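Got the viewer open? Here is a tour, stop by stop, with what to select and what you should find there.

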Amino acid sequence: MIKITQWIVVCLVLCVSVGIAFSQGLSPPSNVTAVDTPNDDGSSVTIKWDAAPEDSGISGYQILRRIAGGGLEEIGEMLPAGTTTYVDATIEKGNVYAYIVRAVTETEATVDSNETAPTTGTDEWFHTGRIPLFVAMLLFGAAIVWNIYDARSGKEIFVRRIPGLEAVDEAIGRATEMGRSILYVLGLGGVSGPATIASMTILGQVARRTADYETPLRVPCRDPIVMSVVREMVKASYLDEGRPDAYNEENIFYLTSGQFAYAAGVDGMMIREKPAAVFLQGTFYAESLILAETGNSIGAIQIAGTDSEHQLPFLITACDYTLIGEELYAASTYLSREPMLLGSLKGQDWGKVLIFASLVLGVLLELSGVNWITTLLQRVG
Amino acid sequence: MLEKLMDIDRRIIFILVVLAVIIPTLLPINLPISVSAPTRQLHDYINALPAGSTIMLAFDYGPASLAELNPMAKALLKQCFDKDVRVIGITLAPEGTAMGSTLIQEIADETGAIDGEDYVFLGYRPGEELVILGMGSDIASVFETDYNGKPLADIPMMTNVTNYDQISLLIDLASGSSTEIWITYANVRYNLQIAAGVTGVIISQMYPYLQTGQLIGLISGIAGAAEYETLLDAPAKGILWINIESFVHLLIAGLVVIGNIAFFVQRRKEE
Amino acid sequence: MRRQVPLILCFVFGVVMMLTQFSPHSFSQGIYEEVLSWALIISPFMLVLGTVTLIQTHVARIRRRTEHWQYSFIIFAGILLMVVIGIPFGPQHPIFVWLFNNVQVPMDATMFSLLAFFIASAAYRAFRARTFEASLLLVTALIVMLGNVPIGDLFWNTVLSGLPWDNGLSDTKQWILDNPNLSARRGIILGVSLGAISQSIRILLGIERSYLGGGD
Amino acid sequence: MEVFGIWVAAFLTLCIYSFLYRDNPFYRFAEYLFVGVSVGYVFVLTTHQGFIPLAWKPFWAAITGESLIGLIKLIPICIGLLFFTRFSTQHQWLVRYPIAILIGAGSGLAIPNVLRANIFEQTRGTIEPFAAIHAGTLSAGEIFGAILMVIGVVCTLTYFFFSIEHRGPIKWVSKVGIAFLMIGFGSAFGNTVMGRVALLIQRVDFLLNDWGGTIF
């Protein structure tokens, strides 16, 4: 008797729980909404609904769509249980759509949600997720322009001491003492390359000093156009110093255009003439270490400078002083005092300050669990 | 004595280098290879792709880098074809065209992959970032046909691929700045997943992008190729060459040490 | 006409392309795609120009009889060889592919392998730890060099077999790349990108005009 | 043909290696031939893979009236043709038009994309580990790495700060920055050595196995 009662109780419990589970499975997806996807070109609608409880027995969802006045159609594949959003990117602009989310159980039974309010895709003119990017762009642009105009209006802009540049006088002095020449290599870049332009500015300055001391300044060129520009520049420097007589055009000459052949040619010059100082300033490729090695072996003071990042390690270990990347531009800006360059240099420094600020602030906020900065910088598709 | 030692003809050093390459080439050895995390990440990512997915392989290098990048390109292609992952080959460098088409062909012949179904080689278009951005809206707007002149519409594996949305991964094989261009114009703007296989010269500068997830994996030069071959258990040139490389690195490290000892002794004497 | 119009074109195309990056509207995306396709059409013309300029340079060299001028004929021969086959028959033609594989590939591949020799020689004669900075650089270089090849770890695991830490050299190499190297590179990227953006802004606003070349 | 190709390739390889002895006519022959062949190759490729599909085909489609939409493509084609005014002394200023459009569009696209991919992402990547520190999911080593990363980025960037004098504490910060830079460059040094040596090994492999294979 007791056994039978036990059985009945067990059966009842089972029935009730299966019933509950089944009825839960049959409850339709709730809170279904369909809205225009924000920040797109109006080609999609986003449908959202609440997730069903884990034990509801739902095996997936199927989205159904009705074009105003028409019948229901299934769109897309069946979505796995646990999905709560779907982006319908197959709509046509101008049409009005309504959606139903159909829950499908393991036993293939289905139950439909209410139909959503009709919606349509609309174009957005401005991507709201990119506001921080837009603001940052405007701020930085303003910083650059402001500083350039500031520099143009004649305001003095400070540029820090650059050790490699200070060594220039030491190198020229030593060459003069020893009665040897100075070799200035402009690298392989063309006349419009920023590193070549910076290098030519520095050369102009070096030429002023050598004009005073009457130290021969030898410049082998790889590009005939660079050669003619450099001739004019050096001549002007000598004129400025009142020593046009000391200028010798033949010291600035075209060597060859082949990369390694050029390196071999300069090597030959170094070994024959044993210059007391070697300048390697400009754009360099793989030949940089051939030049630096030979300069080192003849015991010359070597001052290098390049924005060719890949050659920097070799120049740093083989030369006495090296201008690293942006330092080369800063050096030429320092020497030329060109307002546009001075202003941008300062504007870029403002940009760096902004980065420092967001780093420090971001780190402190994150440590206290606030993620404002990372949210601002977040990737928006 | 020391000065004489420092003054030896560099051609003697050249001969030492040649010997350090030739001797192990003739007497090959096999040392154990440990696999680095960035290489493993890429390998696991491709392994986890479902069969039938499509990846893009960009051959952005010329013959000057074939020694470093061909071995990894071969290993990657083998893995994809074995896993039934489809490959779209393209290049942003003109020299990459002949190299890429030959290489894909070679591995396809080995593994039995079929042109148009398992892989397609689109070739080259000038314009770098313009090409990258153009493919983001519509691949066919940049490449109307594949390298052999067949319209994309007639290629079975391209019927469901219109832009980056259908590409699971882009692997850039790079010897220059192309990886940065891919990251700048395709990763953030189109959310394309990017990995890279690069030459020794640019390995170090890839690391900031690995940490942010802008690169999901990295194969580093010939060492990376050897690691990849180890992961696939398919030894080829990568493993062979990294073993030879060992001896040349030892030689160069030794030369740096000797040179610096001489330098310090000399400096002390002068003082 | 000569300076104003290009400056205006540069500004208009630049600002329009920049704004399309912020506007998902189908109208702006349509403009973006159209301008992109224009730029794609224009860019191959520029490459054709590069070749002609190179030929001009070498014609001038031959005329002026600068040193090694005879070699300029070899350049012409090389160009001609590729163009005569490549232009009419296309780059897929077997002779063109043969020329690429057996003439261009070996030379290109060999040219930079020369560097292996020069690095070895410079390692012996020029790479000096003359300052603290240079020493740091060289020590890192040695660790990375040996950490990159299997013999480094073999050495570590046999000589230091008592340690509980295997593969120490490649681990250290990886740590250096993942940490201090990453920070330095990130600093460089941030600095260089600021520079690049500032240059683009100057170009758009017509402050930087060097791309126009000289003359008026 | 294949064996002949290997011999040609081997001959050119050896020509270039002859430079290791010293600069000589064989080397110069190979170097100039290399320049010529690669220029020719690029010319053929940009014609067949750039000019014809991107410019010529839409042009032809527009002319023959195959697709009227192609007519709009006549505008960029005409702009591209302006590149050739370079060869006329009188009209060469017109070359600035296509250059201005390309540079303008390129700069406009670069500003937001570089800002986002390099500055926003890199800054975020430096901060984000601290969210994980707050959540307590990082190991001691990873926490050390995250702190080191912020220090490294700030110090390196300070080194490239030019508009203030590096005195007092800033001097020390920038000194730490240069140390990070040196470690970064050291790792590049070690990796570059690996790359160059690999090129040499490949060439020796070719000479010994491929070329040697045709002899023995």
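Start by selecting chains B and C of this predicted model: 49 residues of chain C are in contact with 48 residues of chain B. On the chain C side, the elements that give two or more residues are helix 2 (26-64), helix 4 (94-125), helix 5 (132-148), helix 6 (150-159), helix 7 (168-178) and helix 8 (180-204). Colour helix 4 of chain C brightly, since it gives the most to that side, with 16 residues. Colour by residue type next, and the chain C side splits into 31 nonpolar, 10 polar and eight charged residues.

For a close-up of this contact, pick B:A98, which is found in helix 5 (residues 94-111) of chain B. What does B:A98 touch, leaving aside its neighbours within four places in sequence? You'll find C:P91, C:V97 and C:F100 in contact with B:A98. Buried or exposed, then, is B:A98? It's buried: there are 27 other C-beta atoms within 10 Å of B:A98, and 20 or more are enough to count. If you like drawing distances, go from B:A98 to B:I132: their C-alpha atoms are separated by 20 Å, with the two residues 34 apart along the chain.

Stay in chain B and show the strands. There is an open sheet of six, in the order 3-2-1-4-5-6, with parallel pairing. Strand 3 (119-124) and strand 6 (218-220) of chain B sit at the edges; each has a single partner strand, so one side of each has no neighbour in the sheet. On average, neighbouring strands here are turned by 15 degrees against each other, direction ignored.

Now bring in helix 3 (residues 37-48) of chain B, which packs on this sheet and touches strand 4, strand 5 (194-198) and strand 6. The direction of helix 3 makes about 130 degrees with that of strand 6 of chain B. Then add helix 8 (residues 178-190) of chain B: this one lies across strand 1, strand 4 and strand 5, and runs at about 155 degrees to strand 4 of chain B. Underneath your selections, look at how strand 1 (residues 54-60) and strand 4 (residues 169-174) of chain B run parallel, joined by six bridges. To find your place in that pair, label B:A58, which stands opposite B:D172 in strand 4.

Back to chain C, this time for helix 8 of that chain. Of its 25 residues, 22 are buried, so helix 8 of chain C is largely enclosed by the rest of the structure. At 1.5 Å a residue, helix 8 of chain C should span 36 Å, and its end C-alpha atoms are indeed 36 Å apart. Just after helix 8 of chain C, click on C:G206, where phi is positive at about 75 degrees.

Add chain D to the view: 95 residues of chain D are in contact with 97 residues of chain C. The chain D side divides into 62 nonpolar, 27 polar and six charged residues.

Last stop, chain A. Colour it by its domain assignment: domain 1 (31-125), domain 2 (128-155 + 341-376) and domain 3 (163-337). The centres of domain 2 and domain 3 of chain A, taken over C-alpha atoms, are separated by 36 Å. Then select strand 3 (residues 58-67) and strand 6 (residues 97-105) of chain A, an antiparallel pair with nine bridges; A:R66 stands opposite A:A98 there. Follow strand 6 of chain A into its hairpin with strand 7, where four residues lie between the two strands and A:E108 in the turn has a positive phi of about 70 degrees.

Conventions. Residues are numbered from 1 along each chain as its sequence is written. Chains are lettered from A and ligands numbered from 1 in the order in which they are written. This is a predicted model: local features need pLDDT of at least 70, side-chain atom pairs count only at pLDDT 80 or more; totals for chains, interfaces and linings use all residues. Two strands pair if DSSP finds at least two bridges between them. Axes are lines fitted to C-alpha atoms, for helices over the stretch in contact, and angles run from 0 to 180 degrees between N-to-C directions. Two residues are in contact if their C-beta atoms, placed from the backbone, lie within 7 Å. Ala, Val, Leu, Ile, Met, Phe, Trp, Tyr, Cys and Pro count as nonpolar, Asp, Glu, Lys and Arg as charged, and the others, Gly among them, as polar. Domain bounds come from an automatic or database domain assignment. The expected span of a helix is 1.5 Å times one less than its number of residues. A residue is buried if 20 or more other C-beta atoms lie within 10 Å of its own, exposed if 12 or fewer, and partly exposed in between; C-beta atoms are placed from the backbone.
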